[in-house]
Amino acid sequence: MACAAAMPIDLSPAPTAVAAGDLKPVEEEDEEVEVEGGGCGGGAVLVAAADGEAEGHPYDFHVSGPRNLPPPNWKEIIRSSWKDPNYKRMVMACFIQAVYLLELDRQDQKGEEDGLAPKWWKPFKYKVTQTLVDERDGSIYGAVLEWDRSSALSDFILIRPSGAPRVVLALRGTLLQKPTMKRDLQDDLRFLVWESLKGSVRYVGALAALKSAVEKFGSTNVCVAGHSLGAGFALQVCKELAKHGVFVECHLFNPPSVSLAMGVRSMSEKASYLWKKVKASLPLKEEATTPLESSKEASDKKRLRTEKKWVPHLYVNNSDYICCHYNAPSCPSAADGASDEQQQQHQSKASEIASDVVAKLFVTSKGPQKFLEAHGLEQWWSDGMELQLALYDSKLINRQLKSIYTTAAVSSPAK
């Protein structure tokens with residue numbers, strides 16, 4: 001679908017009118033009080049005045065968190081909920097929500113005892129062992145969560161359930177709050193202009209935390225999750241490790257897909273295509289690279305892709321114009337002015353690429369339709385979410401992942 005170019009700013013779950021601790025005491029009258037920005041989707045939350053204390057804060061886990069969670073007990077050892085992809089998606093989203101709330105708790109000077117954030121990781125038997133702090137403004141943009149064995153033992157869960165990661169690195173997106181908004185928007189603009197976040201302080205911190213976790217626990221025991229801008233950081237730090245043959249499970253919610261650099265690259269690709277057509281009409285010249293060398297290089301790339309493959313998980317809402325470009329097919333259509341022959345050529349090439357570079361793209365078109373909700377995090381832990389799984393032939397995914405194997409092929413020593 002066509003998507004308007006826009007800066008990849010996460011407008012939710014940042015509360016625009018009420019932050020944690022800013023709620024006024026509720027009178028004993030039975031009138032309803034409307035709290036703006038209460039949910040991750042940016043919608044209002046109605047709290048009855050008489051029941052305000054019982055209902056709790058709109059960001060409380062029992063108020064806006066997932067429903068129908070399986071109770072933690074010894075049965076998890078035998079029949080692990082983590083084997084269910086929907087359960088894992090839900091938990092990863094909750095961990096990211098916890099990072100958002102860690103920053104809000106910091107701004108309200110709340111700790112583990114009275115903060116909102118701990119309620120979003122404790123039900124899953126995890127604990128925060130490290131917070132990632134932006135040295136420029138002191139804001140929390142990420143956290144490292146580890147399996148909490150002592151908490152699990154209290155519910156007779158003797159070992160970590162199958163499929164549950166030992167460590168999770170969770171990264172939040174943009175918060176439109178004054179203490180951190182300036183630095184968040186700087187990184188948004190960085191991605192908008194360059195389609196890269198490598199120059200950011202947060203990229204350096206996230207990469208260091210990920211490398212430390214991998215060295216300590218092994219890549220198969222580590223998982224990375226990010227939302228919006230945080231998904232952009234998660235993708236790039238995981239790609240950096242993948243270029244060196246270290247593959248980490250990665251979950252990206254509403255990853256940014258719009259940038260000026262992408263528009264320039266698109267024009268460059270069109271110009272390159274026209275130039276190839278011009279060259280094809282000119283007399284042939286001897287190529288500097290022999291067919292044997294070219295064949296060997298292609299064989300090396302294919303071997304690297306076959307032996308090791310990194311498969312990230314992307315979660316996209318078609319109504320979110322920040323991430324919807326990931327759902328755009330790589331093959332041009334007749335509507336784009338492509339001839340039948342050009343469409344066949346692109347489809348053939350795309351099929352060859354897709355067989356080598358694969359990502360799990362989860363797309364929802366029946367979820368929230370309004371932008372603030374479509375880009376929100378709450379939808380990803382909601383019950384009844386209808387997702388379509390595609391090992392997708394997406395132009396953007398192919399471009400993002402193909403660079404990993406191209407770099408590996410170039411840097412691999414000749415035998």
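Biologist: How much area does the protein chain expose, and what share do carbon and sulfur atoms supply?

Modeller: This is a predicted model, where local features need pLDDT of at least 70, side-chain atom pairs count only at pLDDT 80 or more, and totals for chains, interfaces and linings use all residues. Residues are numbered from 1 along each chain as its sequence is written, and side-chain values use heavy atoms, without hydrogens and water. Accessible areas come from the Shrake-Rupley method with a 1.4 Å probe; for residues, only the protein chains shown count as cover. The protein chain exposes about 21200 Å², and the carbon and sulfur share is 54%.

Biologist: Is Thr364 buried or exposed?

Modeller: Thr364 lies in strand E9, residues 360-364. Strands are DSSP runs of E, at least two residues; helices are runs of H or I, at least four; both are numbered from the N terminus. Buried means under 20% relative accessible area, exposed over 50%, partly exposed in between (1.4 Å probe, protein chains only). Thr364 has a relative accessible area of 0%, so the residue is buried.

Biologist: How many residues of H8 are buried?

Modeller: Helix H8 covers residues 229-242. H8 is mostly covered. The buried count is 14 of its 14 residues.

Biologist: How far apart are the end C-alpha atoms of helix H8?

Modeller: The expected span is 1.5 Å times one less than the number of residues. Helix H8 has 14 residues, so the expected span is 20 Å. The model agrees: the end C-alpha atoms are 20 Å apart.

Biologist: At 33% relative accessibility, what does Leu153 count as?

Modeller: Leu153 lies in helix H5, residues 149-153. Its relative accessibility is 33%, so Leu153 counts as partly exposed.
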